[in-house]
Amino acid sequence: MSRTALRICPLCEATCGLTLTIEGTRVTGARGDREDVFSRGFICPKGASFGAVDGDPDRLRTPLVRRDGELREATWQEAFDAIAAGLRPVVERHGPHAVGVVLGNPNVHTMAGALYPQVLLGALGTRSVFTASTVDQMPKHVSCGLLYGDANAIPVPDLDRTDHLLLIGANPLESNGSLCTAADFPGKLKALRARGGTLTVIDPRRTRTAKLADRHIAVRPGTDALLLAAMTYALFDEHLVDLGELAPHVQGVDEVRSAVRDFTPEAVAGACDVTADEIRALARELAAAPTAAVYGRIGSCTVPHGTLASWLVDVLNILTGNLDRPGGALFPQAATDRTPRPAGPGRGFALGRWHSRVSQYPEAKGELPLSALAEEIDTATVEGEPIRALIAVAANPVLSAPDGARLDKALDSLDFMVSVDPYLNETARHADVVLPPPPPSQSPHHDFAFNTLAVRNQVRYSRPAIPLEPGRMAETEILARLILAATGMHGADPAAVDTMVVEQTLAKAVKDPNSPVHGRDPREIADRLTGDTGPERRLDMMLRLGPYGDGFGVRPDGLSLEKLLAHPHGIDLGPLASRLPQPLKTRSGKVELLPQPIADDLPRLRQAMSERADGLVLVGRRHLRSNNSWMHNVPALTGGTNRCTLHIHPEDAERLGVTDGAQVRVKGAGGEVTAPAEITDGLKRGVVSLPHGWGHDRPGTRLSHASADPGVNVNQLLDGSLLDPLSGNAVLNGVPVEVAALSAPL
């Protein structure tokens with residue numbers, strides 16, 4: 001007999017509400033939850049395939065421990081015994097920095113990934129931290145950190161109320177949005193146009209999003225910052241700058257005017273492949289709109305000037321008076337945010353507090369570039385200890401980082417490695433211990449990260465739809481036990497980790513004069529927490545201390561876990577609202593429009609105006625039915641348009657003697673790959689495109705469907721040396737490559 005259960009989809013950033021159909025302990029169907037306060041019934045192919053993802057037979061069900069060179073099934077006790085025996089000696093002999101930690105993108109899609117990795121990092125004390133952010137979004141964190149003093153204060157476009165939306169390097173009809181959490185992003189763009197608004201898309205590809213636009217500008221890959229700088233120049237040149245109510249909160253406008261004086265539309269037009277008239281028109285339309293928002297994403301982040309491009313996105317929003325106003329770009333307020341403090345100067349944001357050992361890359365937001373992971377392991381000829389042990393949590397850097405072949409070899413040289421992953425994939429196959437979390441249907445869900453980026457304030461929570469299968473361990477308990485095993489507390493009660501966090505958090509809260517529990521007894525407050533598990537108690541604590549919380553009785557109508565559980569479709573907290581100056585944590589207490597690190601990097605951008613290289617350049621692309629390397633093992637989500645092909649323009653194909661469907665060789669600084677050509681006029685001449693996340697052809701994995709149609713790893717074309725210097729983000733787009741028919745020499 002079947003039943004239904006509600007679940008927030010964890011498969012992309014849209015966080016749609018699902019209604020699952022369950023037979024016994026198996027998910028047999030998924031549809032959109034029409035009563036969900038955020039998604040209102042919207043669902044994409046990934047969500048519709050929830051059951052297939054959840055029930056993939058290749059998911060690991062028990063831990064694996066390496067014995068006599070082979071990974072074999074083991075008990076949970078044996079797995080954590082092995083971790084304690086393998087990790088602690090490394091720390092004791094070589095220090096905490098000899099243990100590297102890699103956090104993959106799926107961490108932000110689970111409660112466990114949001115609650116425990118920071119505890120692990122704090123307990124280990126290692127600076128050898130690498131995450132997916134430095135192959136994706138770190139330029140936006142850095143630019144916002146410099147502008148607003150908080151790397152997580154990222155304004156998002158007010159999609160439901162804006163009159164004019166300019167997207168650069170973003171394709172939300174296929175990505176469902178990124179650093180902008182919006183269920184039914186396609187519907188919101190169509191609604192924008194239906195109410196008479198304007199959609200402009202800047203992208204070298206004529207994506208599905210670009211096809212919907214009023215204006216599509218096919219910019220040359222990698223020149224996003226030049227184009228945005230020229231738009232900024234045009235605003236000043238044509239006297240279109242108007243900060244409006246923002247003016248008291250902003251400093252540095254005159255300095256920006258001076259900083260962009262060389263970036264005239266006429267000067268950058270040749271480098272961008274966009275005429276000066278088009279650039280000026282973009283600036284005029286932005287300034288003339290009643291409300292407007294500029295939104296940039298991965299295409300404008302993963303380029304040589306990613307931080308400058310991300311900075312200029314916000315500069316344009318500020319100079320047109322569209323930051324922090326309805327219809328513009330606003331700062332969301334999540335229910336689990338910290339208690340808001342009064343506006344005023346903060347500590348600011350600093351870069352380069354330490355550096356990587358080999359190439360001396362500066363840290364950003366506490367992280368080192370993922371591109372540097374291989375050299376930090378395999379290079380022992382410089383001062384300091386190389387990484388000798390690695391903890392990978394939901395991470396597959398062999399596919400997601402540049403030069404996976406080098407990293408593949410480096411991982412084999414480690415003294416010890418542990419991987420938390422449901423699959424034995426290209427990275428996990430190197431581990432000494434693999435800890436598999438249960439499928440999403442057996443896990444609770446709350447979006448800690450994505451609600452801080454949501455286009456409407458709301459809060460939702462899903463308890464597990466299916467009880468934990470016998471022999472499984474909750475992901476929260478897995479990570480709690482990993483923390484204990486890695487920090488010399490192996491064998492302690494895993495509940496102690498949650499208890500410690502609660503005690504530390506409440507001890508600080510009662511001393512904070514801005515907290516609703518200031519001056520109270522932390523033990524009395526802890527006794528009032530509700531929830532069936534440690535993670536639920538922590539969620540209850542965060543809700544009650546947060547901006548909408550009940551303050552443990554101070555605001556009776558406020559949020560708590562108990563109240564949230566009484567609203568299974570979520571609680572709507574209203575549209576985004578103006579919040580400045582409260583989110584600002586800069587030392588001045590204002591938006592610092594031209595931070596010194598940005599000013600210091602502008603000469604490099606000026607030089608780029610005259611550095612146009614001949615030949616083909618490579619860009620990536622997204623598919624609606626996948627999310628990085630996660631889902632290629634699910635038959636329902638592969639095939640059709642979701643194939644690993646090289647998109648090439650008909651004129652480039654004719655010049656190179658390439659025919660549709662024929663195999664071509666693509667060569668970059670890091671190596672070469674062979675893929676079938678797909679001839680299309682959906683991208684600029686001189687640009688080719690390969691999707692990200694493929695390359696499932698290494699032995700020793702257990703990915704039966706993915707390995708049958710492996711595709712190629714686009715990141716193998718990169719040698720890891722190209723980084724945005726401010727953020728350490730890998731340059732993945734606008735990379736020079738050579739392409740030839742398979743029968744022709746390169």
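This is a dialogue about reading cysteines, nonpolar cores, helix packing and exposure in a predicted model.

Reader: Let me begin with the cysteines: how many disulfides does a search of the whole structure find?

Author: A disulfide is a covalent bond between the sulfur atoms of two cysteines. In this predicted model, the search over the whole structure finds 0 disulfides.

Reader: Why does Cys9 not form a bond with Cys12?

Author: The cut-off for a disulfide is 2.5 Å between the sulfur atoms, and the closest cysteine sulfur to that of Cys9, which belongs to Cys12, lies 6.1 Å away, so the two are too far apart for a bond. Cys12 in turn has its closest cysteine sulfur in Cys44, at 5.1 Å, which is again too far for a bond.

Reader: Are Cys9 and Cys12 buried or exposed?

Author: Cys9 has a relative accessibility of 8% and counts as buried, and Cys12 is buried too, with a relative accessible area of 8%.

Reader: Turning to the interior, which residues touch the most other members of the largest nonpolar core?

Author: In soluble globular proteins, nonpolar side chains tend to be buried together. Here the largest nonpolar core has 98 residues, and the members that touch the most others are Tyr148 and Leu593. Helix H10, covering residues 224-237, supplies the largest share of this core, with 11 residues. There is also a second, separate core of 52 residues, with Ala74, Val101, Leu120 and Leu482 among them.

Reader: With which residues is Tyr148 in contact, leaving aside its neighbours within four places in sequence?

Author: Once those neighbours within four places are left aside, the contacts of Tyr148 include Ala153, Pro155, Ile318, Phe331, Leu584 and Val591.

Reader: How should I read the packing of H15 and H24, and at what angle do they pack?

Author: Two packed helices are described by the angle between their axes and the distance between the axes. Helix H15 (residues 306-319) packs against helix H24 (residues 596-608) at an angle of about 115 degrees, and their axes are 10 Å apart; H15 and H24 are therefore roughly perpendicular to each other. The crossing in which H15 passes H24 is left-handed. On the H15 side the contact is made by Thr307, Leu308 and Trp311, and on the H24 side by Ile598, Asp601, Leu602 and Leu605.

Reader: Finally, is Ala288 buried or exposed?

Author: Ala288, which is found in helix H13 (residues 276-288), has a relative accessible area of 62% and is exposed, because the cut-off for that word is over 50%. Its C-alpha atom is separated by 42 Å from that of Leu564, which lies 276 residues apart from Ala288 along the chain.

Methods. Residues are numbered from 1 along each chain as its sequence is written. This is a predicted model: local features need pLDDT of at least 70, side-chain atom pairs count only at pLDDT 80 or more; totals for chains, interfaces and linings use all residues. Side-chain values use heavy atoms; hydrogens and water are left out. Buried means under 20% relative accessible area, exposed over 50%, partly exposed in between (1.4 Å probe, protein chains only). A nonpolar core is a set of buried Ala, Val, Leu, Ile, Met, Phe, Trp, Tyr and Cys residues joined through side-chain atoms within 4.5 Å. Helices (H or I, at least four residues) and strands (E, at least two) are DSSP runs, numbered from the N terminus. Contact means heavy atoms within 4.5 Å. Axes are lines fitted to C-alpha atoms, for helices over the stretch in contact, and angles run from 0 to 180 degrees between N-to-C directions. Angles under 35 degrees count as roughly parallel, over 145 as roughly antiparallel, 65 to 115 as roughly perpendicular and the rest as oblique. A crossing is left-handed if the near helix is turned anticlockwise from the far one by less than a right angle, and right-handed if clockwise.
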